[in-house]
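The exercises below are to be worked through with the sequence and the three-dimensional structure in view. Each one sets a task and is followed by a solution that proceeds step by step.

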Amino acid sequence: MAEPLDFETTLAARLQARAALAARPFDAAAIAIAAVATRPVRRLSIPWPTVTMRWAVLAGAAILAALAGALLAGALLRAEDTGPMLAVTRSDGVYLAKADGTEPRRLFVTDAESRLAWSADGTLLLVLNRPKADAWRASVLRTDGSVVWTMDGVEWAEWSHVGHRVAWADASHYVITDLDTGATAPPVWSPNNTWSSAWSPDDMRIVVIDTDGRSLVVGQLDGGATVRLTSPDIESLFGPAWSPDGRAIAVAYSPACTSPHPCGWGIAIFDVVTGRKIDGTEPTAQGLPDVQWSPDGTRLAWVEAGTGVVADRLPLGDGGGIRFRGDLLAGWAPDGRSLLVRRSGPDFGDFAPPPKLWRVDVDGSHEVLLLEDAWQTAAQPTP
Amino acid sequence: MATIIGELERGPATTLVERAVSGDEVAFTRIVAAHQDAMARVAFIVTGDLDLADEATAAAWAIAWRRLGSLRDPEKLRSWLVSIAANEARGLARARRRHHVVELDVAADLAVDGMDPDAHAADVDLANALASLGPDDRTLLALRYVAGFDSFEIARATGRSASGTRARLARLLARLRTELDHG
């Protein structure tokens, strides 16, 4: 839920006032000269094309554009692909590609995405995007690009493991929509959190982070008793992930920290039955780790601050995990032998070269570049 | 005349960027003059140190000069520059922490003439609260509340998902609310 506006407004004003301390007189020319001195630009001596040449260039570009359009149209009209597909968001939309990254074709035009997820049977794709500034929309698409369902104002959405149910949340509601029947209703037990939840493997429970941010709440969708998972050393939680057997939940955590030294993030594992934390890594990560269980539940993988880790489920904190390069874990391959990992260059952001999608064997022995320009990725499950 | 109209249609930022990319150092100086202040403010919140902020912005300008040609939309120049400065500042803050130097100068840099004593005390509280955060969290706050980025822009600038960014910001707000004894 959003913080009350008054505190957020006050904080913004205080931060801006503090930031103003850095607003000092400066010599723009000196700064520019120092920057230029790090790498002089080689000036091109090629003359600007004549008017005739410009028309020739434009005509050539038009022909190339027409050819590209024809090729794209052909790609969009292709009826089917064989084998599981990758859904990937690129700079100009959502694409589907074969599992090896070949033959990408644009499915959906958008320039802002937050989340991609396949339904459990791999027939429908959930896209959470932002058509306009901070106005989010959930859409469910078929693989031919046709739209099955949309909902505006959705800030979080999650597929069930069975059927085509979507648990979604806007600023004030948590609701489940069954796309097969059209029924929409809040669960009997109504969670509070809007940003981070997960269905249990048997679809009977949902875990959310409670409004205090420090505990997980597991609710029975049939209205049974809730279970609270917490630990006194935890201040913040994000991204709960159920183990495939439904007995444990892994989650990123940050400890209660009042010392002058900043606290990082770690991975905690909770026993769903007892509610107790049963394992965890030291909170040394400077980024928020996105943890995912291997398909067989024996291992965990996560990525934080440019480094990925594959570790045995227990014990997590022995430091013996396999490490690989990456800045976002896109997911495990269904056979559990490799991971899909996103990597950016030395700097990242909307204006840097787009990140790339790699497949990395879990032992770190083999890396394959699958796709250029890949922001978010979801691997299609094979029923 | 055609050239002037063309430049107006493309916008001043586009024209400046194109000229700088072609090696026009005067155009680059104008870009520095227009954006140094915004970059320095963000870098200061991330590092908590005026000297480190200067170092970060200097490094950011060197990067900007080398990579200006890769800027896909010149109208997003400010966001691009601020993102680079924030990332450089974050890197410096991390490196500083690894070398076990004092995390942040909390109050030493606040001896501002004419500052109201209450405002000064409040700023010291804020500086202490910022000091208890990591460079990543300070980067989120700086981009959101100093640079005015929305969650999607922050996500793209930091390589994270927008939903994760919003969640982290919400947690940060909750934490700062407690530490600053507000509400």
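**Exercise 1. Chain A in outline**

How many helices and how many strands does chain A have? Add how much of the chain is buried, and how its contacts are spread along the sequence.

*Solution.* The model is a predicted one. Counting the elements of chain A gives 3 helices and 28 strands. The next step is burial: of the 383 residues in chain A, 39% are buried. The last step concerns contacts in chain A with a separation of 6 or more, of which 40% are between residues 24 or more positions apart.

**Exercise 2. An open sheet in chain A**

In what order do the 4 strands of the open sheet in chain A follow one another, and which strands stand at its edges?

*Solution.* Reading across the sheet, the order is β24-β25-β26-β27, with antiparallel pairing. The edges are formed by β24 (328-332) and β27 of chain A, each of which has a single partner strand, so one side of each lacks a neighbour in the sheet. On average, and with direction ignored, neighbouring strands of this sheet are turned by 30° against each other. For a closer look at one pair, take strand β26 (residues 356-361) of chain A, which is joined to β27(A) by 4 bridges in the antiparallel sense. Here A:R359 is the residue that stands opposite A:V368 of β27(A).

**Exercise 3. Pairings of β22(A)**

Describe the pairing of β22(A) with β21 and with β23 of chain A, giving the number of bridges and one pair of opposite residues for each.

*Solution.* Begin with strand β21 (residues 299-304) of chain A, which runs antiparallel to strand β22 (residues 307-312) of chain A and is joined to it by 6 bridges. In this pairing A:A301 lies opposite A:V310 of β22(A). Then turn to strand β23 (residues 322-325) of chain A, which pairs with β22(A) over 4 bridges, again in the antiparallel sense. There, A:V309 is placed opposite A:R323 of β23(A).

**Exercise 4. Positive phi outside glycine**

Examine the backbone of A:D203 and A:D373, and state where each residue lies and how exposed it is.

*Solution.* As background, most residues other than glycine have a negative phi. A:D203, although not a glycine, has a positive phi of about 65°, and A:D373, also not a glycine, has a positive phi of about 55°. The first of these, A:D203, sits in the loop between β12 (197-199) and β13 (205-209) of chain A, whereas A:D373 sits in the loop between β27 (367-371) and β28 (376-379) of chain A. For exposure, the count of C-beta neighbours is needed: a residue is buried at 20 or more within 10 Å and exposed at 12 or fewer. A:D203 has 16 such neighbours and is therefore partly exposed; A:D373 has 16 other C-beta atoms within 10 Å, so A:D373 is partly exposed as well.

**Exercise 5. Helix packing around α9(B)**

How are α7(B) and α8(B) oriented against α9(B), and which residues make the contacts?

*Solution.* Helix α7 (residues 135-146) and helix α9 (residues 162-179) of chain B pack at an angle of about 95°, their axes being 10 Å apart. Since angles of 65 to 115 degrees count as roughly perpendicular, α7(B) is roughly perpendicular to α9(B). The contact involves B:D137, B:L140, B:L141 and B:R144 from α7(B), together with B:T165, B:R168, B:L169 and B:L172 from α9(B). Sorted by class, these are 4 nonpolar, 1 polar and 3 charged residues.

Helix α8 (residues 151-158) of chain B packs against α9(B) at about 105°, with the axes 8 Å apart, and so α8(B) is likewise roughly perpendicular to α9(B). On the α8(B) side B:S151, B:F152, B:I154 and B:A155 take part, and they meet B:A162, B:T165, B:R166 and B:L169 of α9(B). This contact has 5 nonpolar, 2 polar and 1 charged residues.

**Exercise 6. The largest nonpolar core**

Which residues have the most contacts inside the largest nonpolar core, and which helix gives the most to it?

*Solution.* The core has 149 residues, and those with the most contacts inside it are A:I249, B:V42 and B:A85. Helix α3 (residues 25-47) of chain B gives the most, with 11 residues. Leaving aside neighbours within four places in sequence, the contacts of B:V42 include B:V82, B:A85, B:A86 and B:A89, as well as B:A142, B:L143, B:V146 and B:A147.

Terms used:
Residues numbered from 1 in each chain as written. Chains lettered and ligands numbered in written order. Predicted model: local features only at pLDDT ≥ 70, side-chain atom pairs only at ≥ 80, totals over all residues. Core = buried A, V, L, I, M, F, W, Y, C linked by C-beta atoms within 7 Å. Helix = DSSP H or I, 4+ residues; strand = E, 2+ residues; numbered from the N terminus. Contact = placed C-beta atoms within 7 Å. Axes fitted to C-alpha atoms, helices over the stretch in contact; angles between N-to-C directions. Parallel < 35°, antiparallel > 145°, perpendicular 65-115°, else oblique. Nonpolar A, V, L, I, M, F, W, Y, C, P; charged D, E, K, R; others polar. Pairing = 2+ DSSP bridges.
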